[in-house]
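Let's take a walk through this structure, starting from the inside and ending at the ligand. Have the sequence and the 3D view open as you read.

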Amino acid sequence: MPRPVIAVLNGPNLNLLGEREPAVYGSETLADVERRCRAHADGLGFDVDFRQSNHEGDLVTAAQECRHAVGIVVNAGAYTHTSIALRDALAMAQGPVVEVHLTNVHAREAFRHHSYLSELAAAVIVGCGPQGYEFAISAIATRVAAA
Ligand code: DQA
């Protein structure tokens with residue numbers, strides 16, 4: 001029997017994690033984050049559909065394609081602060097959407113304080129680094145179990 005799928009969507013510049021401003025974003029690569037997500041979800045009985053794109057339209061399409069997932073973890077990178085289109089696509093998600101940011105965006109530049117996604121998110125996790133993705137998967141698993 002196929003296991004339920006949690007989608008994990010990553011936005012621009014997250015493909016260069018590990019190399020990108022390591023003092024801000026740390027040394028783990030996106031492949032490391034993906035391994036973490038798969039291991040954590042596996043322990044909770046879920047499969048993971050893990051994606052990354054630097055392109056807003058591709059993220060919109062990914063959010064549409066993943067709308068039937070039991071939940072969506074999204075780190076939209078800078079599109080968090082700009083993209084109504086991504087927000088509208090995520091609004092079609094049938095399961096909970098959990099917004100993740102590696103950094104504490106509220107302790108950074110003012111333009112990072114507003115998110116177009118938070119209003120529709122079931123939870124928002126900031127400043128926990130890659131572990132935030134695990135927290136987000138746990139939050140979705142808890143909600144799925146309660147549904
Ligand atoms: C980020 C925060 C965003 O403001 C930034 O544009 C990113 C990464 C984070 O994970 O902390 O690309 O989403």
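Start with Tyr-133. Keep in mind that you're looking at a predicted model. If you skip the neighbours within four places in sequence, Tyr-133 is in contact with Val-8, Asn-10, Leu-14, Val-33, Cys-37, Val-73, Asn-75, Val-100 and Leu-102.

Now zoom out to the core around it. Tyr-133 and Val-73 touch the most other members of the largest nonpolar core, a set of 24 residues. Several elements chip in at least two residues each: the strands β1 (5–10), β2 (47–52), β4 (97–101) and β5 (123–126), plus the helices α2 (30–44) and α5 (131–146). Of these, α5 gives the most, with six residues. There's also another core, lying apart from this one, with 18 residues that include Cys-66, Val-74, Ala-76 and Leu-117. As a general point, nonpolar side chains in soluble globular proteins tend to be buried together.

Next, have a look at helix α3, residues 56–65, where Leu-59, Val-60, Ala-62 and Ala-63 are the buried ones. Looking down the axis of α3, you'd find its buried residues within an arc of 160 degrees, so they line one face of the helix. The general rule behind this kind of pattern is that an α-helix has 3.6 residues a turn, so residues three or four places apart point the same way. And what do the buried residues of α3 pack against? They pack against β1, β2, β3 (71–75) and α4 (84–90).

What about the cysteines? The disulfide count comes to zero. Take Cys-66: the closest cysteine sulfur belongs to Cys-37 and sits 13 Å away, which is too far for a bond, given that a disulfide needs the two sulfurs within 2.5 Å. Cys-128 tells a similar story, as its sulfur is 13 Å from the closest cysteine sulfur, in Cys-37, again too far for a bond. Their surroundings do differ, though: Cys-66 counts as buried at 3% relative accessibility, while Cys-128 is partly exposed, with a relative accessible area of 32%.

Finally, the ligand. Around it you'll find Arg-20, Tyr-25, Asn-75, Gly-77, Ala-78, His-81, His-101, Leu-102, Thr-103, Val-105 and Arg-112. Asn-75 and Leu-102 should ring a bell, since both are also among the contacts of Tyr-133. Which atoms of Thr-103 come within 2.6 Å of a ligand oxygen? That's an N or O atom in the Thr-103 side chain. Arg-20 also brings in its side chain, with a polar atom 3.0 Å from an oxygen atom of the ligand. Ala-78 uses its backbone instead: an N or O atom there lies 3.1 Å from a ligand oxygen.

How values were computed. Residues are numbered from 1 along each chain as its sequence is written. This is a predicted model: local features need pLDDT of at least 70, side-chain atom pairs count only at pLDDT 80 or more; totals for chains, interfaces and linings use all residues. Side-chain values use heavy atoms; hydrogens and water are left out. A nonpolar core is a set of buried Ala, Val, Leu, Ile, Met, Phe, Trp, Tyr and Cys residues joined through side-chain atoms within 4.5 Å. Buried means under 20% relative accessible area, exposed over 50%, partly exposed in between (1.4 Å probe, protein chains only). Helices (H or I, at least four residues) and strands (E, at least two) are DSSP runs, numbered from the N terminus. Contact means heavy atoms within 4.5 Å. The arc is that of the directions from the helix axis to the C-beta atoms. A residue is near a molecule or strand if one of its heavy atoms lies within 4 Å of it. A polar contact is a pair of N or O atoms within 3.5 Å; within protein, one must be able to donate a hydrogen and the other to accept it, and residues adjacent in sequence count only if both atoms are side-chain atoms.
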